[in-house]
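Have a look at the fold below before reading on. A few local details are picked out afterwards.

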Amino acid sequence: MKKNLLAAVALSAALLPLAASAQNIAVVNGKPVPKARAELLITQVTKSGQQQRTPELETQVKDEVVLREIFIQEAEKRGVPASADYKAQMELARQSILIRELFADYAKKNPVSDAEAQAEYDKFKAQNSGKEYRARHILVEKEDEAKALIAQIKAGAKFEDLATKNSKDPGSAANGGDLDWANGNSYVKEFTEALALLQKGEMTQTPVKSQFGFHIIRLDDSREAQFPAFDDVKPQIIKRLDQQKLGAYQQELKNKAKTDYKFSNAAAPN
């Protein structure tokens with residue numbers, strides 16, 4: 001009986017180093033590098049979903065963790081942790097991590113509901129219902145310039161060529177005045193009203209004045225507003241609402257804080 005007990009104790013002692021070694025990736029200068037350290041790094045790397053866990057990634061992370069241990073040991077040997085610069089950077093890192101985790105915790109506990117996402121979709125759809133227009137325009141500063149260009153187009157000049165040469169709108173001039181498909185609500189009132197009176201292929205016969213100058217407008221086509229299905233845009237809607245909720249939470253904390261500091265106008269919560 002005594003012999004069996006002694007054998008068991010001896011076997012356990014022999015297995016202890018093997019068990020400990022199974023929990024480590026390596027030993028660097030006598031110091032174990034635990035597998036848990038690699039798991040933590042893999043979790044961080046794959047958290048965003050941009051990288052998947054693969055054997056190749058695991059190998060790269062193990063290499064990185066062991067290299068870090070080598071470099072950390074050298075830094076500690078040289079007294080880096082005692083330096084003022086190291087301590088200052090550690091404090092900044094502590095603050096950043098605390099803030100990041102605060103907002104991550106808030107987002108986790110205040111998720112956007114399906115009902116909120118649907119309501120946002122419905123609101124956007126209502127605001128952008130109606131017609132979409134495919135239009136071109138030429139924007140100039142003076143009414144006389146616009147009248148002269150209208151006369152040239154009526155005489156046979158090509159609208160697109162005159163737009164490229166004369167329009168003051170940098171966003172469309174290079175494309176012959178093309179504004180692509182857009183809802184009428186996206187234009188200034190005067191522009192939309194003039195556009196709504198045109199038939200396909202028609203051009204305004206007189207300059208249209210707006211806050212930007214004088215426009216010559218041609219309607220190339222129109223259609224009922226096109227909307228993607230709710231499920232197709234739901235992830236983007238949820239992301240935007242998440243950002244709005246977080247921004248409101250940050251502003252709430254800022255407003256509730258008792259401080260004699262006067263924030264500048266540019267100091268918006270991040």
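What follows covers a helix pair, some salt bridges and a couple of backbone oddities.

This is a predicted model, so local features need pLDDT of at least 70 and side-chain atom pairs count only at pLDDT 80 or more, while totals for chains, interfaces and linings use all residues. Residues are numbered from 1 along each chain as its sequence is written, and side-chain values use heavy atoms, with hydrogens and water left out.

**The helix pair**

Let's start with helix α4 (residues 84-109) and helix α10 (residues 230-256), whose axes come within 10 Å and cross at roughly 120 degrees. Helices here are DSSP runs of H or I with at least four residues, strands are runs of E with at least two, and both are numbered from the N terminus. The axes are lines fitted to C-alpha atoms, for helices over the stretch in contact, with angles running from 0 to 180 degrees between N-to-C directions. That crossing makes α4 and α10 oblique to each other; angles under 35 degrees count as roughly parallel, over 145 as roughly antiparallel, 65 to 115 as roughly perpendicular, and the rest as oblique. The crossing of α4 and α10 is right-handed, meaning that the near helix is turned clockwise from the far one by less than a right angle.

Which residues make the contact? From α4 come L102, F103 and Y106, and from α10 come K245, L246, Y249, Q250 and L253, where contact means heavy atoms within 4.5 Å. By class, that gives 6 nonpolar, 1 polar and 1 charged residues.

Elsewhere on α4 sits I97, which is partly exposed at 42% relative accessible area. Buried means under 20%, exposed over 50%, and partly exposed in between (1.4 Å probe, protein chains only). The C-alpha atoms of I97 and D260 are 26 Å apart, with their positions 163 residues apart along the chain.

**Salt bridges**

The structure holds 25 salt bridges, each being a side-chain nitrogen of Lys or Arg within 4 Å of a carboxyl oxygen of Asp or Glu. Here are some of them, with their N to O distances.

| Acidic residue | Basic residue | N to O distance |
|---|---|---|
| E132 | R223 | 2.8 Å |
| E160 | R136 | 3.8 Å |
| E143 | K147 | 3.9 Å |

E132 in strand β3 (residues 131-140) and R223 in strand β6 (residues 213-224) are 91 residues apart, so this bridge links distant parts of the chain. E132 is buried at 12% relative accessible area, whereas R223 is partly exposed at 31%.

For the next pair, E160 lies in helix α7 (residues 159-166) and R136 in strand β3, so parts 24 residues apart in sequence are tied together. Both ends are tucked away: E160 is buried at 18% and R136 is buried at 14%.

E143 and K147 are 4 residues apart in helix α6 (residues 143-154), and so are separated by about one helical turn. E143 is partly exposed at 35%, and K147 is partly exposed at 45%. Shared partners also join R136, E160, R218 and D220 into one salt-bridge network.

**Backbone oddities**

Most residues other than glycine have a negative phi. N29 has a positive phi, near 50 degrees; this residue is found in the loop between β1 (24-28) and β2 (31-34) and is exposed at 70% relative accessible area. D180 also has a positive phi, of about 60 degrees, but lies in strand β4 (residues 178-183) and is partly exposed at 41%.

How values were computed:
Ala, Val, Leu, Ile, Met, Phe, Trp, Tyr, Cys and Pro count as nonpolar, Asp, Glu, Lys and Arg as charged, and the others, Gly among them, as polar.
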